[in-house]
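Grab a coffee and work through a few short exercises on the structure below. Try each one yourself before reading the solution.

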Amino acid sequence: MLCSRATARHLARYAKRWQHTSARPALNSVTPDDIAHFAQFLPQNAILSTLSPVSVAPAEIEQYNSDWMGKYRGKSTTVLRPHTTEQVSKILKWCHERRIGVVPQGGNTGLVGGSVPIEDELILSLGNMSKVRSFDPVSGALVADAGCILEALTEHIATHDHIMPLDLGAKGSCQIGGNVSTNAGGLRLLRYGSLHGSVLGLEVVLPDGTILDNLSTLRKDNTGYDLKQLFIGAEGTLGVVTGVSILTSAAPRAVNNVILALPRFENVLPLFKSTRRHLSEILSAFEFIDRTAYELAVKHGQGKGLTNEESEGAECFVLLETSGGSKEHDEEKLNALLETLLESDPPLINTGVLSQSPTQFASLWRLREGVTEAVSKEGKAYKYDISIPLASFKDVVDATKEQLRKKGLLHENAVKHVLGYGHVGDGNLHLNIVAAAYTQEIEAALEPFVYELVSSYKGSISAEHGIGAMKTHAIHYSKSAVAVDVMKRIKHLFDPHGIMNPGKVLE
Ligand code: FAD
Ligand code: 2HG
Ligand code: ZN
C-alpha cells in the first residue's frame, strides 16, 4: 500500500519547505597556503595533496574520493592523515576559521556516501590513529584510538578472552570511530544491543578545534546530559571522534551456528518465535537470506552453505547462532529445536545443518557476511536499509520487483536481481537491487517508491547504515518536521559555519 493522496500532498509541500531552508553554507577550497599551514604541525607523510610541493599520484587521492560501492565520488584535492588528537584539533581550528569543509573518513566502507566529499572538501582520514589505549580485563572496558580497525580490536581482546559487542562483514576495513559515527548495527546486535548502550565514553574534537574529553570507562554516570549519545550516529556532522571507550564482554565458552532451509517465507515468523522459546538466553543471532541472496553468495564463492540437494526447493534461509556456557547443553537445545521444527505439521524447515567444526562455523558466517561482496561482484547495487515489520519483508521485495517489472526495467541490461536479506531479529531488511549500471531511470523507478512503501509500514528508511549523502532528501519519511528542525538547531550550535561533512544527514 502506498501513501494516500493527502499524505503525498503533505510530503510534497514539506519537501518544498525543506528545500527552501536547506541552502548549504558557502565554503572555501583548500589552497597552497593552507597546505603550508598544515605542514607546520603535520609530518610530510600525513599530507596528501595535489596542491602540495611534494607530488602525489592522482590514484592515491582517488581512493579516498570514491566510496566502497563506486557510487559516490568527490573532488577533494587534499587528504590529511593526523597521528594525534592535538593534530586533529589544530586542523579543525584552522578549517573552522578558514571555512573549509571537512569530511572525516574511517575505513570508507559506509554504504550511503557519507565518507566521501560531495565537492572538494578536505578529507580527514583517521587511519594513522590506531593505538589501543587501555583494556581492563575486569570491567571489559576497552579504550582505543578512533582509527583502530574493528577486526584488530577483536583480535586484541581475544587474547584476554573477550569479544567486541559488534561484528560486521566490513570488520577487516571499518574503524571503531566509523562504527560509532554510523551507530553500526551488524550481526551481534540481537545479543549485545546497540552502540548507544555499549559505548561508555568518547573523545571528540569539535568543529572549532575544542577537544571534548568524555572518555569515561564508567558503567554508570548520571551527571547531566549524556553528550556522547549525540555523536553516536552523527556521521561526522558534529565533530571528529578521536577516541572510543567501549564495553566488551567475556567471550562465550561455546558457540554454534546452524543454517536452516525454509520451504516458504511465511515460516520465518513462526520459526523466530519457536527459536526464541527454545533457545532463550543462548540465541545470539538470527539472520535471514532470501533465495536470490543465497545463490549470489554461493555463485561468488562466499563461504559454504548447504549442498544442492539440501537447498533445493527452499524459498529462503536462516542462519542462527548460539553463544552460551556449555557446548553439550547448547547442542542439546539446538538439536531439540531442529527436531521440533522438522516434526511440526507441516514442517517449518526442509532441513537444518549444524556446523561441526570451527572451520564450518566460520564458513557459514562467511556465506551470510559475504552477500554484500557477492552483490558488488554481480553488478551495481542500489541499497535500501530499512526497518519494517518482519512479516512484510517478502512483500517489500516482491512489490519492488513488480514496480521494476511494470517500468520495463527487470531484465539483464537493466535490473538483474532484487533481493532481501538482513537482521530478522532486529526487524532490519537489506533490500538490494542489482543493476548492470547506475542509471537515472532505475533510480527514478525506485525513489520515492521504496521510501513511500517503507513509510506505509511506519518503518525507518535507515535502520543501521545512516543517511549519508544518499537519503538527505528523504529523511522526512522517518523523522517529523519538528525533529528535523531540532537536529538542524543542534548542528548549528556545534558547527555554526557548517564545515563538518557538508551535505550529509541534513541538506
Ligand atoms: P566510513 O565509511 O569511513 O564513514 C562512515 C561515516 O562516518 C561517514 O559519514 C564519515 O564521515 C563518518 N566517520 C568515520 N569516521 C569518523 C570519525 N572518526 N569521526 C567522525 N565521523 C566519522 N553497517 C552496519 O551497520 N551493519 C552491518 O552489518 C554492515 N555490514 C557491512 C558489510 C560490508 C561488506 C560493507 C562494505 C559495509 C557494511 N556496513 C554495515 C556499513 C559500514 O561498514 C558501517 O557503516 C561502518 O560502521 C563504517 O565504518 P567506516 O570506518 O568504514 O566508516
Ligand atoms: C549486512 O548486514 C550489511 O550485511 C550490508 O549491513 C547490507 O549490503 C547491504 O545492503
Ligand atoms: Zn546489516
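Here are three exercises on this predicted model, each with a worked solution.

**Exercise 1.** Work out whether Thr-109 is buried or exposed, and what Thr-109 touches.

*Solution.* Start with location: Thr-109 sits in the loop between β3 (102-105) and β4 (122-125). Next, take its relative accessible area, which is 19%. The cut-off for buried is under 20%, so Thr-109 counts as buried. Finally, look for neighbours, skipping residues up to four places away in sequence: Thr-109 touches Trp-68, Ala-170, Ser-173 and Cys-174.

**Exercise 2.** Do the same for Tyr-225: is it buried or exposed, and which surface patch does it help make?

*Solution.* Tyr-225 is also a loop residue, between β9 (211-214) and α9 (228-231). Its relative accessibility is 77%. Exposed means over 50%, so Tyr-225 is exposed. Now the patch: Tyr-225, Leu-227 and Leu-230 make a nonpolar surface patch of about 330 Å².

**Exercise 3.** Describe how domain 1 meets domain 4.

*Solution.* First, find the bounds: domain 1 covers 26-125 and domain 4 covers 379-465. Their C-alpha centres lie 33 Å apart. Then check contacts: five residues of domain 1 are in contact with six of domain 4. For the size, an interface is often described by the accessible area lost when the parts come together. Here the two domains bury about 520 Å² between them, with 65% of that on carbon and sulfur atoms. On the domain 1 side, Met-69, Lys-71 and Leu-111 supply 77% of the area buried against domain 4, more than any other three residues. Last, count salt bridges between domain 1 and domain 4: zero.

Terms used. Residues numbered from 1 in each chain as written. Chains lettered and ligands numbered in written order. Predicted model: local features only at pLDDT ≥ 70, side-chain atom pairs only at ≥ 80, totals over all residues. Heavy atoms only, no water. Patch = residues over 30% accessible without salt bridge, like charges linked within 9 Å, V, L, I, M, F, W, Y side chains within 5 Å. Areas by Shrake-Rupley, 256 points an atom, 1.4 Å probe, with all protein chains shown as cover. Salt bridge = Lys/Arg side-chain N within 4 Å of Asp/Glu carboxyl O. Helix = DSSP H or I, 4+ residues; strand = E, 2+ residues; numbered from the N terminus. Buried < 20%, exposed > 50% of the residue type's maximum accessible area, 1.4 Å probe, protein only. Contact = heavy atoms within 4.5 Å. Domains from an automatic or database assignment. Buried area = accessible area lost by both parts, 1.4 Å probe.
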